[in-house]
Structures are given as C-alpha cells and as structure tokens.
Amino acid sequence: MKIYGIIGNPVEHSISPEMHNAAFRELEINAIYCKFRVLRNELKNAVNGIKALGINGFNVTIPYKESIIPYLDYLDKNAKMIGAVNTVKLEGNKLRGYNTDGKGAIIPLKRIMRINGKRALILGAGGAARSISFELLHENIECIYIANRTMKRAIRLSNDLRKYGCNSYVIKLDDNTLRKVIDDVNFVINCTSVGMYPNINESLLSSDMLHSKLIVEDIVYNPLKTRLLQNAEIAGARTISGIEMLVFQGALSFEIWTGIKAPVDIMRISALDAIMKFNKRR
C-alpha cells in the first residue's frame, strides 16, 4: 500500500484525506492519505522521517509552505518562482516540491473568462496570494492590484512579480481606494482568511463596492458561500466558491503523485460532504 498525507499545524480541520481517499477508492488504487501534525521544531526530522519511511507524497499546509523548502532535494520551476511548496513527491530517494495552489484557483476562473489582458484585484499577500498571482502572470494578466493590511508584504510580492514583467501595484486596504480599483478590474480574488468559519459575517468588500461585471472568487471554503460571495451576488457579480480551488489543487497533487487523471467530481462530492459533517460537529 502506498502512503500519502498532509503535514502542517494544525491539520485537524483538513478535509484533504476525505478527498484523496475517495479518489483512491474510485480508481481502486491501493493507497491511503493521512494527516500528520508537525510542530515547528520537528519539521526537519519529520521530513527526514517521511523520506526514510518511503511515504510516496504529501501536501504541505500552514505554516510550512515556505520553511519546508530547505529540506527538499528539488523544486519545480513554478514552486521556485513562487517560493512556496504545497505538494511533495518522493522520486527514488529524492523529494521534489511543487505548488498547485495557484493553478487550482485559476482553473475554475478560466472556465468563465479568458485571463489574458484582464486586470485583477488580489486581497492579501500571503502564500496563497503569491501562488495565485504568479499563475495569473503565466496567463498574461495585464495588471494586478495587491491590497494587504501589511504593506511591506504586499510590496515584496509586487516587486517579485515585477521582476518577471508583471504590471503590479500595491494599494491600501481601505474602502475608498478599493472602490476606485474595483471599477478598473475584471475580477477579484480573496486570498485572506477573512470570512472563514467561525467569523462568517466578515468581508473585506461590501455589496455596494462591487458591480455586476465582476467575477469574485474566494479561496475560503468554509462556509461554502462566504459573506464576500453573498455580497457579490447581491451586486449581480458572478462568484466562485473556495471549494473549487480546494478540489482542483488537490486533483493536481493527486496527478503529480499517481500520474493518473484525478476523479474531480468524486473529490468535490467528498469534500462537500466532509464540510457538512464538520459543521454539524461544531
């Protein structure tokens, strides 16, 4: 039996095991996906242990997407550019790092619009914002506005994007500035945790700040319809739930590990079921 998993702290809330184990069952693959809670001072030993045990692959979540890099043998080009890893595959006795977060968020967006030449507003400047912004860069986005509470982090991301020829601008995370920028963009992606359970009534954008020509995506998947997405619907905008990014980044990880096309619909159903069960327990 092959073993896969997720490392991070905390990992108790993760529904990745439900998604991947459902995929393994569907395709009759003899494998299991587990949660591994790793304390910060244990990361190096945990990675060495994973390699020694021959665990075939694993996902990386908060807070190790950047700090795990020194313990890997190789990074693919995209992960190196982003500076963060969410997927690791054991090849021989070497660990290779990838990042599927950005592509996972962009796949559902590309089903609605052609990104080339469009303008985006990214809320946040953390790991998810980095991976999504660089994926937009690969899709020839015309311009990216970055709004974040910590200006230093937003400036760092903007500068990194500019090194690769992206027109990126840092803006203040205040209503007046956001209103002006929103009138100039085609879509908004919330890459922060604002609105995540249990703070379900929080949103960085009110309905009167949005408009019907927008597409609004939220990477928060619990609740499935965040306050931001509710506000977007009131404004007549099209919306993309965070469950889509969760499923597609997981499917891409699955394909890296197995070389087999992931059963996306099965993974989505299992993820939705896991979220419903989780919320019933709370």
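A residue counts as partly exposed when its relative accessible area lies between the buried range, under 20%, and the exposed range, over 50%. In this predicted model, Asp273 is a good place to begin: its relative accessible area is 35%, so Asp273 is partly exposed. Lys277, with a relative accessible area of 46%, is partly exposed as well. The side chains of Asp273 and Lys277 meet in a salt bridge, with an N to O distance of 3.1 Å. Both residues belong to helix H10, and because they are four residues apart there, about one helical turn separates them.

Helix H10 also leads to a view of how helices are packed. Residues 264-281 make up helix H10, which packs with helix H1 (residues 16-26) at an angle of about 140 degrees. The axes of H1 and H10 are 8 Å apart. Angles over 145 degrees would count as roughly antiparallel; H1 and H10 are therefore oblique to each other. Their crossing is right-handed.

A second helix pair can be described in the same terms. Helix H4 (residues 101-110) packs with helix H9 (residues 242-258) at an angle of about 125 degrees, and their axes are 7 Å apart. This angle makes H4 oblique to H9. The crossing of H4 and H9 is right-handed.

Turning back to charged side chains, a search of the whole structure finds 14 salt bridges. One of them joins Arg119 and Asp184, with 2.9 Å from N to O. Arg119 lies in strand S7 (residues 119-123), whereas Asp184 lies in the loop between helix H7 (175-182) and strand S10 (187-190), so this pair ties together parts that are 65 residues apart in sequence. Asp184 has a relative accessibility of 34% and therefore counts as partly exposed. The pair also belongs to a wider arrangement, since Arg119, Glu142 and Asp184 are linked in a network of salt bridges.

Another salt bridge is formed by Arg179 and Asp208, whose closest N and O atoms are 3.0 Å apart. Here, too, distant parts of the chain are linked: Arg179 is in helix H7, while Asp208 is in the loop between S10 and strand S11 (215-218), 29 residues apart. The relative accessible area of Arg179 is 31%, so Arg179 is partly exposed.

Strand S10, which borders both of these loops, holds Ile189. With a relative accessibility of 0%, Ile189 counts as buried because that value is under the 20% cut-off. Ile189 can also be placed relative to Lys44: the two residues are 145 residues apart along the chain, and their C-alpha atoms are separated by 33 Å.

Another isoleucine offers a contrast. Ile3 is located in strand S1 (residues 2-8), and its relative accessibility of 33% means that Ile3 counts as partly exposed. Together with Met1 and Ile32, Ile3 forms a nonpolar patch on the surface. The accessible area of Met1, Ile3 and Ile32 together is about 270 Å².

Note on methods: Residues numbered from 1 in each chain as written. Predicted model: local features only at pLDDT ≥ 70, side-chain atom pairs only at ≥ 80, totals over all residues. Heavy atoms only, no water. Patch = residues over 30% accessible without salt bridge, like charges linked within 9 Å, V, L, I, M, F, W, Y side chains within 5 Å. Areas by Shrake-Rupley, 256 points an atom, 1.4 Å probe, with all protein chains shown as cover. Salt bridge = Lys/Arg side-chain N within 4 Å of Asp/Glu carboxyl O. Helix = DSSP H or I, 4+ residues; strand = E, 2+ residues; numbered from the N terminus. Buried < 20%, exposed > 50% of the residue type's maximum accessible area, 1.4 Å probe, protein only. Axes fitted to C-alpha atoms, helices over the stretch in contact; angles between N-to-C directions. Parallel < 35°, antiparallel > 145°, perpendicular 65-115°, else oblique. Left-handed = near helix turned anticlockwise from the far one by under 90°.
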